[in-house]
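Grab a coffee and work through these exercises with the viewer open. Each one has a task, then a solution that goes step by step.

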Amino acid sequence: MKLGRLNHVGVATPQIEAAIAFWREAMGAAQIGEPFDMIEQGVRVCFVDTPHGGTQIELLAPLSDASPIAGFLERNPLGGQHHLAFEVPDIAAARAEFEAMGKRVLGPTRIGAHGTPVFFVHPKDMGGVLTEIMESPRHG
């Protein structure tokens, strides 16, 4: 399996507006998307573009106590790095390869915040890092 580029770093936050202010004021982010809800995932999402492009920060806040991000925040009340997301050209082929390697894929492949299919691989199988595998967005 050869992963493509690092698309984004997922960062859990207890308060998305405070996180947006931090990235704008302390980190100098000028390109910050509008926050939006992903009801089916139980999260509020906001993308922050890094100054030199290419990689984004994905801010994630729970919509309810049932959100997977709420569980993360119980263990990490201030928030923090939640996952790394790498692009692949073919999500079905990537999933089959990870499963063939014995990696624990968490849940079904679903549509992620960028509108492309994604799945997650258990951190214990990925050097301690929750890893999102996402199909490369098609631009244009």
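**Exercise 1.** How many of the nine residues of β5 are buried? Work that out, then find the strands that pair with β5.

*Solution.* One thing to keep in mind throughout: this is a predicted model.

Step 1. Go through β5 and check the cover on each residue: seven of the nine are buried, so the strand is mostly covered.

Step 2. Look for partners. β1 pairs with β5 in the antiparallel sense, with six bridges. For one register mark, take L6, whose bridge partner in β5 is F86.

Step 3. Now try β8, residues 131-135, which pairs with β5 in the parallel sense over five bridges. Here L84 stands opposite T131.

**Exercise 2.** Stay with β1 and ask how covered it is, and in which sense it pairs with β4.

*Solution.* Step 1. Count the cover: six of the seven residues in β1 are buried, so "mostly covered" fits here.

Step 2. Check the pairing with β4. The two strands run in the parallel sense and share five bridges. V11 has L59 as its bridge partner in β4.

Step 3. A reminder for reading side chains off a strand: in a regular strand they alternate between the two faces of the sheet.

**Exercise 3.** Is E58 buried or exposed, and what does its side chain reach?

*Solution.* Step 1. Locate E58: you'll find it in strand β4.

Step 2. Compare its accessibility with the cut-off. Buried means under 20% relative accessible area, and E58 has 5%, so it counts as buried.

Step 3. List who touches it. Leaving out residues up to four places away in sequence, E58 has contacts that include H8, V9, F47, H83, A113 and E132.

Step 4. Pick out the polar contact: the side chains of E58 and H8 come to 2.9 Å.

Step 5. For a sense of sequence versus space, take N7. It sits 51 residues from E58 in sequence, but the C-alpha to C-alpha distance is 9.7 Å.

**Exercise 4.** Which residues have the most contacts inside the largest nonpolar core, and which elements supply it?

*Solution.* Step 1. The largest nonpolar core holds 14 residues, and I16, W23, V48, I57 and L59 have the most contacts inside it.

Step 2. Sort by element. Two or more residues come from each of β1 (6-12), α1 (16-25), β3 (43-49), β4 (56-62) and β5 (80-88). α1 gives the largest share, four residues.

Step 3. Zoom in on V48. Not counting residues up to four places away in sequence, V48 touches W23, A29, Q31, I32, Q56, I57 and L59.

Step 4. Don't stop there: a second, separate core has nine residues, among them M38, F47, L60 and I69.

**Exercise 5.** What radius of gyration would a compact globule of 140 residues have, and what does the protein chain have?

*Solution.* Step 1. For 140 residues, the globule value is near 14 Å; the protein chain has 15 Å, which agrees.

Step 2. Add the box: along the principal axes, the C-alpha atoms fill roughly 45 × 35 × 25 Å.

Step 3. Check burial and contact range. Buried residues make up 43% of the chain. Of the contacts between residues at least 6 apart in sequence, 54% join residues at least 24 apart.

Step 4. Finish with the layout. There are three helices and eight strands, and along the sequence they follow β-α-β-β-β-α-β-α-β-β-β.

Note on methods. Residues are numbered from 1 along each chain as its sequence is written. This is a predicted model: local features need pLDDT of at least 70, side-chain atom pairs count only at pLDDT 80 or more; totals for chains, interfaces and linings use all residues. Side-chain values use heavy atoms; hydrogens and water are left out. A nonpolar core is a set of buried Ala, Val, Leu, Ile, Met, Phe, Trp, Tyr and Cys residues joined through side-chain atoms within 4.5 Å. Buried means under 20% relative accessible area, exposed over 50%, partly exposed in between (1.4 Å probe, protein chains only). Contact means heavy atoms within 4.5 Å. A polar contact is a pair of N or O atoms within 3.5 Å; within protein, one must be able to donate a hydrogen and the other to accept it, and residues adjacent in sequence count only if both atoms are side-chain atoms. The radius of gyration is taken over C-alpha atoms; the globule rule is 2.2 Å times the number of residues to the power 0.38. Two strands pair if DSSP finds at least two bridges between them.
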